Number of protein chains: 4
Amino acid sequence: MTSVSDDSRGGARRATFRDPPRFAWPVRVYWEDTDGGGVVYHSQYLAFMERARSEWLRALGADQSAIRDGERVQFAVVEMNVRWRRAARYDDALTVTVELAGTGGATLGFRQAVLRGEEVLVEADVRVAAVDADGLRPRRLPRAIVELL
Amino acid sequence: MTSVSDDSRGGARRATFRDPPRFAWPVRVYWEDTDGGGVVYHSQYLAFMERARSEWLRALGADQSAIRDGERVQFAVVEMNVRWRRAARYDDALTVTVELAGTGGATLGFRQAVLRGEEVLVEADVRVAAVDADGLRPRRLPRAIVELL
Amino acid sequence: MTSVSDDSRGGARRATFRDPPRFAWPVRVYWEDTDGGGVVYHSQYLAFMERARSEWLRALGADQSAIRDGERVQFAVVEMNVRWRRAARYDDALTVTVELAGTGGATLGFRQAVLRGEEVLVEADVRVAAVDADGLRPRRLPRAIVELL
Amino acid sequence: MTSVSDDSRGGARRATFRDPPRFAWPVRVYWEDTDGGGVVYHSQYLAFMERARSEWLRALGADQSAIRDGERVQFAVVEMNVRWRRAARYDDALTVTVELAGTGGATLGFRQAVLRGEEVLVEADVRVAAVDADGLRPRRLPRAIVELL
């Protein structure tokens, strides 16, 4: 993952699109992410993946808050298949990738992974649906998003 | 804490008011609550305390959702002084107490504790304010609450 | 889900095995579980499901802490397929079910659901593996567990 | 907070010490941090503050994992006084500051704040103690830390 830098001060971060369609976002593991088994709590990887999808949208130029306030549409995860292969520990510098795997009228499909260096820790197929911000009923994908993809 | 029962099947739960004004609510520690140090993550006790305040309100007969939808008022924690004395571990059966310590025009004060048996693990003084559900500006306490107290 | 009672005081809880092999555990939704979309955050259902698996083990008579300290074996989720169908909201009284769907030498398969009354909100197929508590390498299922199943 | 940059791609991050002793760390608000009130859940600010203390230690040159494995010492929060003044929302770019406010034989005192631009959202006084990684009993501060301060 040479596209992500994380300097020794632990601060500098840079996200880029890999060639061509894979986006990568760095995540540092803090105590809040771990459980009494000494490793990252299994459901917390889903939050890491959502952080990366949010940053992927931002990098594309989409503004989730504006879409929600304007078109009254937001996104909801409707299906995930997740494989946990190896455990991340406190202080690990992880990378979360996002690859758009398909677009329907009302849903987006993603392939995502959480890596430590080149080592794949967790993989997931994710399906996200556009829903009405008020009643959470299915909606077509917001035009602002479709135009960006 | 004889007022709280938790049978060996881990299921049965009963909450009561102690004499005179102390309410107690049982909380079981799950993996999601612990961190890599093997103990409950420090901020999670604040969530345990809010669970107990929610159940205290319910036991009084107040309905937070109805108040929010009706009067457009909700509650926000505005100040806490928290002392962590001992650590809870996975699987511990805890008790969280709620004692109303003062009422202002727009705020409620509480004394709360998290116990394991008779042992005090965490203590806190909590101040909660009524706020506008839309803009989060301070509001007077909802009448429904004032009448119950 | 008549096997789970939750009285109007919000306190009493009882868990039972349904005929034949389905276990049910009640979960109340608190603020900590919700997100800014007004509904339970998607990954939090995975924590609810783990609470139910922990209580299922306890109801069988297994003691996770003792197994971990004694045999140095713990459990790790290795695969989940999750379908989120409807959203739970603040204050909802949910039921989480656990059904053992298969046993391997080193893994357990479960079918789980999160319900609100009779309405299915989330469904999942879950595979859990026994791992070494120190190095997290795969291990055979602890004998104490195999004998109980 | 000119010492923290966060470019428009949402990615680049840089942390610095302000003159003289105030360290600042950027935090982005994701869905996982918010609650059904539409704002960051109150206890989550405590996790944000711990992220910043972890990064402050790293910036000083301390390695918490090495100290834990080597000297068998870790840190535990023992007291916090927290004032929540304004609410952060989804997508806000926050800054968390860390200022060392005192050192005892076994404890460190901090003044911390969470800001959105120049606006102070949350303030806290924090006391952290060195504890034995095995039994969580109080210990003297690790030499590696004392030498750095």
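Which backbone nitrogen lies 2.7 Å from a polar atom of the side chain of B:Thr34? In this predicted model, the partner is the backbone nitrogen of A:Gly36, a residue of another chain. The B:Thr34 side chain has a second backbone neighbour: one of its polar atoms sits 2.8 Å from the backbone oxygen of B:Trp31. The residue itself belongs to the loop that links strand 4 (22-28) to helix 1 (44-60) in chain B. Loop or not, B:Thr34 is buried, because its relative accessible area comes to 2%, and the cut-off for that label is under 20%. Leaving aside residues up to four places away in sequence, B:Thr34 touches A:Thr34, A:Asp35 and A:Gly36 from chain A. Its contacts within chain B, on the same count, are B:Val29, B:Val39, B:Val40, B:Tyr41 and B:Tyr90.

Next, the nonpolar cores. The largest one takes in 73 residues, and the members with the most contacts inside it are B:Met80, B:Trp84, D:Met80 and D:Trp84. Apart from this core lies another, made up of 72 residues, with A:Tyr45, A:Leu46, C:Val27 and C:Val114 among them. As a rule, nonpolar side chains in soluble globular proteins tend to be buried together. Back in the largest core, D:Met80 makes contacts in two chains, again not counting residues up to four places away in sequence. On the chain B side, D:Met80 touches B:His42, B:Met80, B:Asn81, B:Val82 and B:Trp84. In its own chain, D:Met80 meets D:Leu46, D:Met49, D:Ala124, D:Asp125 and D:Val126.

The packing also leaves some enclosed space. The model holds eight cavities of 30 Å³ or more, and the largest cavity has a volume of about 640 Å³. Its lining consists of 28 residues, with A:Glu32, A:Gln44, B:Gln44, C:Gln44 and D:Gln44 nearest the centre. Helix 1 of each of chains A, B, C and D supplies at least two residues of that lining. By class, the lining splits into eight nonpolar, twelve polar and eight charged residues.

Chain A gives a view of the fold. It has three helices and six strands, which follow one another from the N terminus as β-β-α-α-β-β-β-β-α. Of its 149 residues, 57% count as buried. As for sequence separation, take the chain A contacts between residues at least 6 apart: 62% of them join residues at least 24 apart.

A few local backbone details round things off. In chain B, B:Asp63 caps the N-terminal end of helix 2 (residues 64-71), with a side-chain oxygen 3.1 Å from the backbone nitrogen of B:Ser65. Just after that helix, B:Arg72 adopts a positive phi of about 60°. Most residues other than glycine have a negative phi. In chain D, D:Arg72 is not a glycine either, yet has a positive phi of about 55°. D:Arg72 lies in the loop between helix 2 (64-71) and strand 5 (73-84) of chain D, and is partly exposed, with a relative accessible area of 29%. D:Asp91, another non-glycine residue, has a positive phi of about 80°. D:Asp91 occurs in the loop between strand 5 and strand 6 (93-103) of chain D. With a relative accessible area of 18%, D:Asp91 falls under the 20% cut-off and therefore counts as buried.

Methods. Residues are numbered from 1 along each chain as its sequence is written. Chains are lettered from A and ligands numbered from 1 in the order in which they are written. This is a predicted model: local features need pLDDT of at least 70, side-chain atom pairs count only at pLDDT 80 or more; totals for chains, interfaces and linings use all residues. Side-chain values use heavy atoms; hydrogens and water are left out. A nonpolar core is a set of buried Ala, Val, Leu, Ile, Met, Phe, Trp, Tyr and Cys residues joined through side-chain atoms within 4.5 Å. Buried means under 20% relative accessible area, exposed over 50%, partly exposed in between (1.4 Å probe, protein chains only). Contact means heavy atoms within 4.5 Å. Helices (H or I, at least four residues) and strands (E, at least two) are DSSP runs, numbered from the N terminus. A polar contact is a pair of N or O atoms within 3.5 Å; within protein, one must be able to donate a hydrogen and the other to accept it, and residues adjacent in sequence count only if both atoms are side-chain atoms. On a 1 Å grid over the protein atoms alone, a cavity is a set of points where a 1.4 Å probe fits but cannot get out, and a pocket is an open set with protein on both sides within 12 Å along at least five of seven lines; lining residues have an atom within 4 Å of a point. Grid points are joined across faces, edges and corners, and a volume is the space filled by probe spheres set on the points. Ala, Val, Leu, Ile, Met, Phe, Trp, Tyr, Cys and Pro count as nonpolar, Asp, Glu, Lys and Arg as charged, and the others, Gly among them, as polar.
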